[in-house]
Amino acid sequence: MPQFTDVSRINVCGGNGGAGCMSFRREAHVPKGGPDGGDGGDGGDVILVADPQLSSLIDYRYKHHFRATRGTHGQGARKHGANGDDLFLRVPLGTQVRELDPETMEPLYEIADLTQPGDRVVVAPGGKGGRGNIHFVTSVRRAPAFAEKGEPARDHWIELEMKLMADAALVGMPSVGKSSLIAHMSAARPKIADYPFTTLVPNLGVVSVGDDSFVAADVPGLIEGASQGKGLGHEFLRHIERTALIIHVVDVTGGFEGRDPVEDYGIINGELAAHGPELADRPMIVVANKVDMPNTSEAVARLRERALADGHEFYAVSAVTGAGIRELEHGAARQVHELRSAIVGSPEPRSFTPIWEERRQKHDRQIRITNLGGGVWRASGTNLERMVVQTDWDNEEAVTYLQHRFGRMGFDDLLAKAGVKGGDEVRVLDFAFEYEGAPEEDEEMASEDEAEALCFEVDDSEQEA
(Lines give C-alpha, C1' and ligand atoms only; values in the text may rest on other atoms or scores of the structure.)
Protein backbone atom coordinates (compact mmCIF):
# COMPACT_ATOMS: atom_id res chain seq x y z
CA MET A 1 0.00 0.00 0.00
CA PRO A 2 1.44 3.46 -0.86
CA GLN A 3 2.35 5.66 2.08
CA PHE A 4 -0.42 8.09 3.01
CA THR A 5 0.64 11.44 4.41
CA ASP A 6 -1.90 14.13 5.12
CA VAL A 7 0.02 16.70 7.21
CA SER A 8 3.48 18.06 6.43
CA ARG A 9 5.51 21.04 7.57
CA ILE A 10 7.99 22.49 5.12
CA ASN A 11 10.41 25.38 5.01
CA VAL A 12 10.09 27.58 1.92
CA CYS A 13 12.30 30.41 0.73
CA GLY A 14 12.23 32.42 -2.46
CA GLY A 15 15.41 33.26 -4.31
CA ASN A 16 17.46 36.26 -3.23
CA GLY A 17 17.40 39.32 -5.44
CA GLY A 18 20.48 40.16 -7.49
CA ALA A 19 22.51 43.26 -6.69
CA GLY A 20 22.19 46.43 -8.70
CA CYS A 21 25.26 47.69 -10.54
CA MET A 22 27.18 50.91 -9.93
CA SER A 23 28.62 51.84 -13.31
CA PHE A 24 29.29 54.84 -15.56
CA ARG A 25 29.42 55.09 -19.33
CA ARG A 26 32.87 54.56 -20.74
CA GLU A 27 32.91 55.65 -24.37
CA ALA A 28 35.41 57.35 -26.59
CA HIS A 29 34.91 61.10 -26.85
CA VAL A 30 32.44 61.03 -23.91
CA PRO A 31 34.62 62.35 -21.05
CA LYS A 32 31.80 62.48 -18.47
CA GLY A 33 29.49 59.60 -19.22
CA GLY A 34 26.48 59.33 -16.95
CA PRO A 35 25.49 56.40 -14.68
CA ASP A 36 24.43 53.26 -16.51
CA GLY A 37 24.32 50.53 -13.86
CA GLY A 38 21.62 47.92 -14.48
CA ASP A 39 19.21 46.46 -11.92
CA GLY A 40 19.60 43.07 -10.30
CA GLY A 41 17.13 40.36 -11.23
CA ASP A 42 14.29 39.37 -8.91
CA GLY A 43 14.57 36.05 -7.11
CA GLY A 44 12.27 33.20 -8.08
CA ASP A 45 9.03 32.47 -6.18
CA VAL A 46 8.01 29.24 -4.46
CA ILE A 47 4.52 28.41 -5.74
CA LEU A 48 2.12 25.69 -4.58
CA VAL A 49 -0.10 24.22 -7.31
CA ALA A 50 -3.06 21.85 -6.77
CA ASP A 51 -2.60 18.70 -8.85
CA PRO A 52 -5.50 16.20 -9.16
CA GLN A 53 -3.02 13.41 -9.97
CA LEU A 54 -1.60 13.42 -6.43
CA SER A 55 -3.26 11.56 -3.56
CA SER A 56 -1.00 12.40 -0.62
CA LEU A 57 1.74 14.69 0.64
CA ILE A 58 4.34 11.93 0.53
CA ASP A 59 6.73 14.15 -1.47
CA TYR A 60 7.14 16.31 1.64
CA ARG A 61 7.57 13.53 4.16
CA TYR A 62 11.36 13.36 3.96
CA LYS A 63 12.32 16.59 2.23
CA HIS A 64 11.39 19.72 4.15
CA HIS A 65 13.43 22.59 2.68
CA PHE A 66 12.62 24.19 -0.67
CA ARG A 67 14.28 27.24 -2.19
CA ALA A 68 13.89 29.00 -5.53
CA THR A 69 16.90 30.26 -7.49
CA ARG A 70 18.30 33.75 -7.01
CA GLY A 71 18.33 36.63 -9.48
CA THR A 72 21.60 37.53 -11.16
CA HIS A 73 23.41 40.83 -10.63
CA GLY A 74 23.01 43.85 -12.85
CA GLN A 75 25.81 45.01 -15.13
CA GLY A 76 27.03 48.17 -16.78
CA ALA A 77 25.53 49.56 -19.99
CA ARG A 78 22.09 49.27 -18.36
CA LYS A 79 22.16 45.49 -18.53
CA HIS A 80 19.66 44.14 -16.02
CA GLY A 81 20.18 40.81 -14.28
CA ALA A 82 18.00 37.81 -15.11
CA ASN A 83 15.19 36.84 -12.77
CA GLY A 84 15.51 33.58 -10.85
CA ASP A 85 13.40 30.56 -11.84
CA ASP A 86 10.20 29.93 -9.92
CA LEU A 87 9.94 26.67 -7.97
CA PHE A 88 6.59 24.88 -8.38
CA LEU A 89 5.56 22.44 -5.66
CA ARG A 90 2.65 20.14 -6.50
CA VAL A 91 0.14 19.30 -3.79
CA PRO A 92 -3.09 17.21 -3.83
CA LEU A 93 -6.53 18.75 -4.18
CA GLY A 94 -7.95 19.69 -0.81
CA THR A 95 -4.67 20.98 0.61
CA GLN A 96 -4.93 23.74 3.19
CA VAL A 97 -1.86 25.97 3.60
CA ARG A 98 -1.13 27.71 6.90
CA GLU A 99 1.58 30.06 8.13
CA LEU A 100 3.47 28.70 11.16
CA ASP A 101 4.84 30.64 14.10
CA PRO A 102 8.66 30.39 13.76
CA GLU A 103 9.11 29.82 17.50
CA THR A 104 6.21 27.59 18.54
CA MET A 105 5.56 26.04 15.10
CA GLU A 106 1.85 26.47 15.78
CA PRO A 107 -0.45 27.63 12.93
CA LEU A 108 -0.98 31.41 12.83
CA TYR A 109 -3.47 31.81 9.98
CA GLU A 110 -4.62 30.18 6.76
CA ILE A 111 -2.86 31.21 3.55
CA ALA A 112 -4.95 29.27 1.02
CA ASP A 113 -7.30 26.34 0.53
CA LEU A 114 -6.46 24.63 -2.77
CA THR A 115 -9.56 22.67 -3.78
CA GLN A 116 -9.72 23.00 -7.58
CA PRO A 117 -7.25 21.68 -10.17
CA GLY A 118 -4.68 24.35 -10.94
CA ASP A 119 -5.35 26.45 -7.82
CA ARG A 120 -2.12 28.14 -6.82
CA VAL A 121 -0.54 30.44 -4.26
CA VAL A 122 2.90 32.03 -3.95
CA VAL A 123 4.04 30.99 -0.47
CA ALA A 124 7.55 32.43 -0.67
CA PRO A 125 8.04 35.43 -2.99
CA GLY A 126 11.53 36.02 -4.25
CA GLY A 127 13.56 39.01 -3.13
CA LYS A 128 13.49 42.12 -5.25
CA GLY A 129 16.56 42.90 -7.27
CA GLY A 130 18.60 45.89 -6.18
CA ARG A 131 18.40 49.06 -8.25
CA GLY A 132 21.38 50.20 -10.27
CA ASN A 133 22.81 53.68 -9.84
CA ILE A 134 20.78 54.99 -12.79
CA HIS A 135 17.81 55.23 -10.38
CA PHE A 136 19.46 57.60 -7.92
CA VAL A 137 20.11 60.58 -10.17
CA THR A 138 18.57 63.84 -8.91
CA SER A 139 19.09 67.50 -9.64
CA VAL A 140 21.71 67.64 -6.90
CA ARG A 141 23.08 64.10 -7.25
CA ARG A 142 24.21 63.88 -10.87
CA ALA A 143 26.64 60.98 -10.52
CA PRO A 144 25.49 58.58 -7.78
CA ALA A 145 28.36 56.27 -6.92
CA PHE A 146 26.25 53.61 -5.24
CA ALA A 147 23.62 50.97 -6.01
CA GLU A 148 21.34 48.75 -3.97
CA LYS A 149 22.11 45.22 -2.92
CA GLY A 150 19.59 42.52 -3.74
CA GLU A 151 16.82 41.85 -1.24
CA PRO A 152 17.25 38.61 0.72
CA ALA A 153 14.20 36.37 0.40
CA ARG A 154 12.16 35.55 3.47
CA ASP A 155 12.65 32.10 4.92
CA HIS A 156 9.62 30.67 6.77
CA TRP A 157 7.73 27.49 7.67
CA ILE A 158 4.28 26.55 6.44
CA GLU A 159 1.95 23.65 7.19
CA LEU A 160 0.27 21.59 4.48
CA GLU A 161 -2.82 19.64 5.49
CA MET A 162 -4.65 17.47 2.99
CA LYS A 163 -8.35 16.79 3.47
CA LEU A 164 -9.90 14.25 1.14
CA MET A 165 -12.03 15.62 -1.69
CA ALA A 166 -14.39 12.62 -1.82
CA ASP A 167 -18.09 13.05 -2.62
CA ALA A 168 -19.12 10.53 0.04
CA ALA A 169 -17.40 9.21 3.16
CA LEU A 170 -18.10 5.81 4.72
CA VAL A 171 -17.93 6.18 8.50
CA GLY A 172 -18.66 3.91 11.40
CA MET A 173 -17.18 1.84 14.21
CA PRO A 174 -14.14 -0.37 13.49
CA SER A 175 -14.87 -3.63 11.65
CA VAL A 176 -18.39 -2.71 10.53
CA GLY A 177 -17.51 -3.60 6.93
CA LYS A 178 -16.68 -0.24 5.36
CA SER A 179 -13.67 -1.61 3.46
CA SER A 180 -15.68 -4.54 2.19
CA LEU A 181 -18.41 -2.19 1.00
CA ILE A 182 -16.07 0.12 -0.90
CA ALA A 183 -14.33 -2.90 -2.44
CA HIS A 184 -17.74 -4.19 -3.58
CA MET A 185 -18.89 -0.81 -4.89
CA SER A 186 -15.68 0.24 -6.66
CA ALA A 187 -12.36 -0.95 -8.02
CA ALA A 188 -10.60 -0.03 -4.76
CA ARG A 189 -8.86 -2.94 -3.08
CA PRO A 190 -8.30 -2.00 0.55
CA LYS A 191 -6.88 -4.36 3.16
CA ILE A 192 -9.72 -6.41 4.64
CA ALA A 193 -9.48 -8.58 7.78
CA ASP A 194 -11.67 -9.70 10.65
CA TYR A 195 -10.02 -7.58 13.33
CA PRO A 196 -10.49 -3.94 14.37
CA PHE A 197 -8.52 -1.08 12.80
CA THR A 198 -7.58 -3.02 9.68
CA THR A 199 -7.83 0.28 7.77
CA LEU A 200 -5.19 2.75 8.95
CA VAL A 201 -5.38 5.23 6.08
CA PRO A 202 -8.39 6.43 4.04
CA ASN A 203 -9.11 4.51 0.84
CA LEU A 204 -10.66 6.14 -2.21
CA GLY A 205 -12.81 4.40 -4.80
CA VAL A 206 -14.80 5.58 -7.82
CA VAL A 207 -18.34 4.19 -7.82
CA SER A 208 -19.93 4.03 -11.28
CA VAL A 209 -23.72 4.02 -11.52
CA GLY A 210 -24.90 4.06 -15.12
CA ASP A 211 -23.53 7.19 -16.77
CA ASP A 212 -22.83 8.82 -13.43
CA SER A 213 -20.09 8.25 -10.87
CA PHE A 214 -18.91 9.55 -7.53
CA VAL A 215 -15.83 9.23 -5.34
CA ALA A 216 -16.28 7.39 -2.06
CA ALA A 217 -13.79 7.37 0.82
CA ASP A 218 -13.46 4.55 3.33
CA VAL A 219 -12.48 6.45 6.48
CA PRO A 220 -10.77 4.35 9.21
CA GLY A 221 -13.01 3.31 12.07
CA LEU A 222 -14.02 5.80 14.72
CA ILE A 223 -14.45 5.11 18.43
CA GLU A 224 -16.21 6.88 21.24
CA GLY A 225 -14.15 9.95 22.17
CA ALA A 226 -12.70 10.35 18.67
CA SER A 227 -13.63 14.05 18.63
CA GLN A 228 -11.39 14.50 21.70
CA GLY A 229 -8.54 12.76 19.92
CA LYS A 230 -8.98 9.22 21.22
CA GLY A 231 -7.53 6.63 18.89
CA LEU A 232 -6.68 8.58 15.75
CA GLY A 233 -9.90 10.55 15.86
CA HIS A 234 -8.70 13.97 14.76
CA GLU A 235 -6.52 12.43 12.05
CA PHE A 236 -9.54 10.69 10.50
CA LEU A 237 -12.37 13.11 11.25
CA ARG A 238 -10.66 15.84 9.22
CA HIS A 239 -11.30 13.84 6.06
CA ILE A 240 -15.05 13.94 6.58
CA GLU A 241 -15.18 17.74 6.64
CA ARG A 242 -15.13 18.17 2.84
CA THR A 243 -17.43 15.32 1.84
CA ALA A 244 -20.89 16.23 0.60
CA LEU A 245 -22.53 13.00 1.82
CA ILE A 246 -21.90 10.76 4.81
CA ILE A 247 -22.61 7.05 4.45
CA HIS A 248 -22.96 5.79 8.02
CA VAL A 249 -22.29 2.04 8.13
CA VAL A 250 -23.56 0.07 11.14
CA ASP A 251 -22.82 -3.59 11.93
CA VAL A 252 -26.20 -5.02 12.89
CA THR A 253 -24.56 -8.10 14.44
CA GLY A 254 -22.98 -5.96 17.15
CA GLY A 255 -19.50 -7.23 16.31
CA PHE A 256 -17.34 -9.35 18.60
CA GLU A 257 -18.34 -7.27 21.61
CA GLY A 258 -22.05 -7.72 21.02
CA ARG A 259 -22.64 -3.94 20.87
CA ASP A 260 -26.10 -2.50 20.30
CA PRO A 261 -26.30 -1.23 16.68
CA VAL A 262 -28.62 1.67 17.52
CA GLU A 263 -26.29 2.75 20.32
CA ASP A 264 -23.29 2.59 17.92
CA TYR A 265 -25.24 4.74 15.49
CA GLY A 266 -25.83 7.37 18.18
CA ILE A 267 -22.21 7.33 19.36
CA ILE A 268 -20.77 7.98 15.89
CA ASN A 269 -23.29 10.75 15.20
CA GLY A 270 -22.32 12.35 18.50
CA GLU A 271 -18.63 12.24 17.59
CA LEU A 272 -19.31 13.84 14.20
CA ALA A 273 -21.30 16.67 15.80
CA ALA A 274 -18.65 17.18 18.49
CA HIS A 275 -15.86 17.44 15.90
CA GLY A 276 -17.75 20.04 13.85
CA PRO A 277 -21.33 21.16 14.48
CA GLU A 278 -21.88 21.48 10.73
CA LEU A 279 -21.32 17.72 10.37
CA ALA A 280 -24.51 17.10 12.34
CA ASP A 281 -26.47 18.72 9.47
CA ARG A 282 -24.51 16.99 6.69
CA PRO A 283 -26.70 14.80 4.42
CA MET A 284 -26.44 11.19 5.58
CA ILE A 285 -27.38 7.72 4.39
CA VAL A 286 -27.62 5.01 7.07
CA VAL A 287 -26.52 1.51 6.01
CA ALA A 288 -27.24 -1.64 8.02
CA ASN A 289 -24.47 -4.05 7.02
CA LYS A 290 -24.15 -7.84 7.51
CA VAL A 291 -27.89 -8.48 7.16
CA ASP A 292 -26.99 -11.94 5.80
CA MET A 293 -26.13 -13.01 9.34
CA PRO A 294 -28.82 -14.82 11.38
CA ASN A 295 -30.87 -13.10 14.09
CA THR A 296 -30.34 -9.57 12.77
CA SER A 297 -33.86 -8.68 11.64
CA GLU A 298 -34.84 -7.11 14.98
CA ALA A 299 -31.71 -4.92 15.03
CA VAL A 300 -32.30 -3.89 11.41
CA ALA A 301 -35.88 -2.88 12.21
CA ARG A 302 -34.84 -0.76 15.21
CA LEU A 303 -32.03 0.93 13.28
CA ARG A 304 -34.35 1.61 10.34
CA GLU A 305 -36.89 3.25 12.65
CA ARG A 306 -34.21 5.43 14.26
CA ALA A 307 -32.64 6.47 10.94
CA LEU A 308 -35.96 7.36 9.32
CA ALA A 309 -36.96 9.34 12.42
CA ASP A 310 -33.75 11.36 12.00
CA GLY A 311 -34.67 12.08 8.37
CA HIS A 312 -32.04 9.82 6.76
CA GLU A 313 -32.41 7.33 3.93
CA PHE A 314 -31.90 3.73 5.06
CA TYR A 315 -30.48 0.69 3.25
CA ALA A 316 -30.02 -2.88 4.50
CA VAL A 317 -27.09 -4.56 2.72
CA SER A 318 -24.60 -7.38 2.85
CA ALA A 319 -21.08 -6.71 1.64
CA VAL A 320 -20.56 -10.47 1.44
CA THR A 321 -23.53 -11.51 -0.69
CA GLY A 322 -24.05 -8.17 -2.42
CA ALA A 323 -27.65 -7.91 -1.25
CA GLY A 324 -28.91 -4.31 -1.30
CA ILE A 325 -25.62 -2.90 -2.69
CA ARG A 326 -27.18 -1.92 -6.02
CA GLU A 327 -29.92 0.08 -4.30
CA LEU A 328 -27.35 1.76 -2.04
CA GLU A 329 -25.20 2.80 -5.02
CA HIS A 330 -28.17 4.34 -6.83
CA GLY A 331 -29.36 6.16 -3.70
CA ALA A 332 -25.89 7.56 -2.96
CA ALA A 333 -25.33 8.57 -6.61
CA ARG A 334 -28.66 10.39 -6.69
CA GLN A 335 -27.91 12.36 -3.51
CA VAL A 336 -24.39 13.21 -4.66
CA HIS A 337 -25.76 14.45 -7.99
CA GLU A 338 -28.33 16.63 -6.23
CA LEU A 339 -25.71 18.04 -3.86
CA ARG A 340 -23.30 18.74 -6.72
CA SER A 341 -26.01 20.56 -8.68
CA ALA A 342 -26.73 22.77 -5.69
CA ILE A 343 -23.14 23.96 -5.52
CA VAL A 344 -22.50 27.10 -7.54
CA GLY A 345 -18.82 27.71 -8.08
CA SER A 346 -16.29 28.52 -10.75
CA PRO A 347 -14.38 25.53 -12.13
CA GLU A 348 -11.55 27.86 -13.18
CA PRO A 349 -8.27 27.62 -11.26
CA ARG A 350 -7.90 30.32 -8.64
CA SER A 351 -4.90 32.28 -7.47
CA PHE A 352 -4.79 32.99 -3.74
CA THR A 353 -1.65 35.06 -4.13
CA PRO A 354 -3.33 38.52 -4.15
CA ILE A 355 -5.12 37.78 -0.84
CA TRP A 356 -2.01 36.36 0.79
CA GLU A 357 0.15 39.14 -0.71
CA GLU A 358 -2.11 41.86 0.69
CA ARG A 359 -1.85 40.34 4.16
CA ARG A 360 1.92 39.99 3.81
CA GLN A 361 2.40 43.56 2.65
CA LYS A 362 0.30 44.88 5.53
CA HIS A 363 2.53 42.95 7.92
CA ASP A 364 5.69 44.11 6.14
CA ARG A 365 4.74 47.80 6.56
CA GLN A 366 4.55 47.57 10.34
CA ILE A 367 7.37 49.07 12.39
CA ARG A 368 7.99 48.06 15.99
CA ILE A 369 10.05 50.36 18.21
CA THR A 370 11.34 48.88 21.48
CA ASN A 371 13.03 50.77 24.33
CA LEU A 372 16.02 48.72 25.45
CA GLY A 373 16.96 51.18 28.18
CA GLY A 374 20.00 53.38 28.63
CA GLY A 375 19.25 55.49 25.56
CA VAL A 376 19.25 52.43 23.28
CA TRP A 377 16.29 51.51 21.04
CA ARG A 378 15.56 48.72 18.62
CA ALA A 379 13.44 49.19 15.49
CA SER A 380 12.13 46.21 13.54
CA GLY A 381 9.89 45.69 10.55
CA THR A 382 10.20 43.85 7.25
CA ASN A 383 10.25 46.90 4.95
CA LEU A 384 12.55 48.81 7.29
CA GLU A 385 14.98 45.90 7.57
CA ARG A 386 14.85 45.39 3.79
CA MET A 387 16.16 48.94 3.26
CA VAL A 388 18.98 48.31 5.72
CA VAL A 389 20.17 45.03 4.22
CA GLN A 390 20.04 46.47 0.69
CA THR A 391 22.38 49.28 1.70
CA ASP A 392 26.12 49.03 1.06
CA TRP A 393 27.38 50.13 4.48
CA ASP A 394 30.93 50.46 3.17
CA ASN A 395 29.76 53.22 0.82
CA GLU A 396 29.27 56.56 2.60
CA GLU A 397 27.05 57.89 -0.18
CA ALA A 398 24.78 54.84 0.09
CA VAL A 399 24.46 55.30 3.87
CA THR A 400 23.60 58.97 3.36
CA TYR A 401 20.89 57.95 0.90
CA LEU A 402 19.47 55.50 3.46
CA GLN A 403 19.22 58.34 5.98
CA HIS A 404 17.27 60.35 3.39
CA ARG A 405 14.94 57.39 2.88
CA PHE A 406 14.33 57.15 6.61
CA GLY A 407 13.31 60.79 6.63
CA ARG A 408 11.03 60.48 3.60
CA MET A 409 9.20 57.42 4.92
CA GLY A 410 8.56 59.16 8.23
CA PHE A 411 10.79 56.83 10.26
CA ASP A 412 12.62 59.69 11.99
CA ASP A 413 9.29 61.19 13.01
CA LEU A 414 8.16 57.83 14.38
CA LEU A 415 11.30 57.60 16.48
CA ALA A 416 10.65 61.06 17.90
CA LYS A 417 7.01 60.15 18.59
CA ALA A 418 8.17 57.00 20.40
CA GLY A 419 10.38 59.08 22.69
CA VAL A 420 13.79 58.70 21.05
CA LYS A 421 16.02 61.68 21.82
CA GLY A 422 18.87 63.18 19.85
CA GLY A 423 22.06 61.22 20.55
CA ASP A 424 20.22 57.96 21.39
CA GLU A 425 21.36 54.77 19.68
CA VAL A 426 18.90 53.08 17.31
CA ARG A 427 19.52 49.47 16.26
CA VAL A 428 18.11 47.78 13.17
CA LEU A 429 19.19 44.14 12.80
CA ASP A 430 22.96 44.12 13.44
CA PHE A 431 23.42 47.78 12.50
CA ALA A 432 23.34 50.77 14.82
CA PHE A 433 23.26 54.51 14.25
CA GLU A 434 22.97 57.66 16.31
CA TYR A 435 19.63 59.44 16.12
CA GLU A 436 20.02 63.09 15.15
CA GLY A 437 16.37 64.09 15.09
CA ALA A 438 13.92 64.54 12.23
CA PRO A 439 15.65 66.12 9.22
CA GLU A 440 14.45 68.98 7.06
CA GLU A 441 12.18 68.17 4.12
CA ASP A 442 14.10 66.51 1.30
CA GLU A 443 13.50 67.44 -2.32
CA GLU A 444 13.05 63.78 -3.25
CA MET A 445 9.53 62.43 -2.94
CA ALA A 446 8.80 59.27 -0.97
CA SER A 447 7.76 56.22 -2.89
CA GLU A 448 4.31 54.74 -2.33
CA ASP A 449 5.73 51.81 -0.35
CA GLU A 450 7.73 54.12 1.89
CA ALA A 451 4.81 56.46 2.48
CA GLU A 452 2.68 53.53 3.69
CA ALA A 453 5.24 52.39 6.24
CA LEU A 454 3.71 54.47 9.01
CA CYS A 455 1.95 51.70 10.92
CA PHE A 456 3.94 51.17 14.10
CA GLU A 457 3.84 50.27 17.77
CA VAL A 458 6.06 51.18 20.69
CA ASP A 459 7.08 48.53 23.22
CA ASP A 460 8.62 49.75 26.49
CA SER A 461 8.25 46.43 28.30
CA GLU A 462 11.33 44.62 26.98
CA GLN A 463 14.69 45.50 28.47
CA GLU A 464 18.02 44.05 27.37
CA ALA A 465 20.53 43.38 30.09
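**View 1. Strands β2 and β7 pair in the antiparallel sense.** Welcome to this predicted model; our tour opens on strand β2, residues 46-50, which is joined to β7 over 4 bridges. To find your place along the pair, look for Val-46, which stands opposite Ala-124 in β7.

**View 2. Three strands form an open sheet.** Stepping back from that pair, we find the strands in the order β4-β2-β7, with mixed pairing. β4 (87-91) and β7 (120-124) each have a single partner strand and stand at the edges, so one side of each is left without a neighbour in the sheet. On average, neighbouring strands here are turned by 30 degrees against each other, direction ignored.

**View 3. Five strands make up another open sheet.** Read across it and you meet β3-β1-β8-β5-β6, again with mixed pairing. The edge strands are β3 (65-67) and β6 (107-114), and each of them pairs on one side only. In this sheet, the average turn between neighbouring strands is 30 degrees, with direction ignored.

**View 4. Strands β1 and β8 run antiparallel as a pair.** Here residues 7-13 of β1 meet residues 155-162 of β8, and 7 bridges link the two strands. A handy landmark is Cys-13, whose bridge partner in β8 is Asp-155.

**View 5. Helix α6 packs on the five-stranded sheet.** This helix spans residues 353-364 and touches three strands: β5 (95-100), β6 and β8. Compare its direction with that of β6, and you will find an angle of about 155 degrees.

Definitions and conventions: Residues are numbered from 1 along each chain as its sequence is written. This is a predicted model: local features need pLDDT of at least 70, side-chain atom pairs count only at pLDDT 80 or more; totals for chains, interfaces and linings use all residues. Side-chain values use heavy atoms; hydrogens and water are left out. Two strands pair if DSSP finds at least two bridges between them. Axes are lines fitted to C-alpha atoms, for helices over the stretch in contact, and angles run from 0 to 180 degrees between N-to-C directions. Contact means heavy atoms within 4.5 Å.
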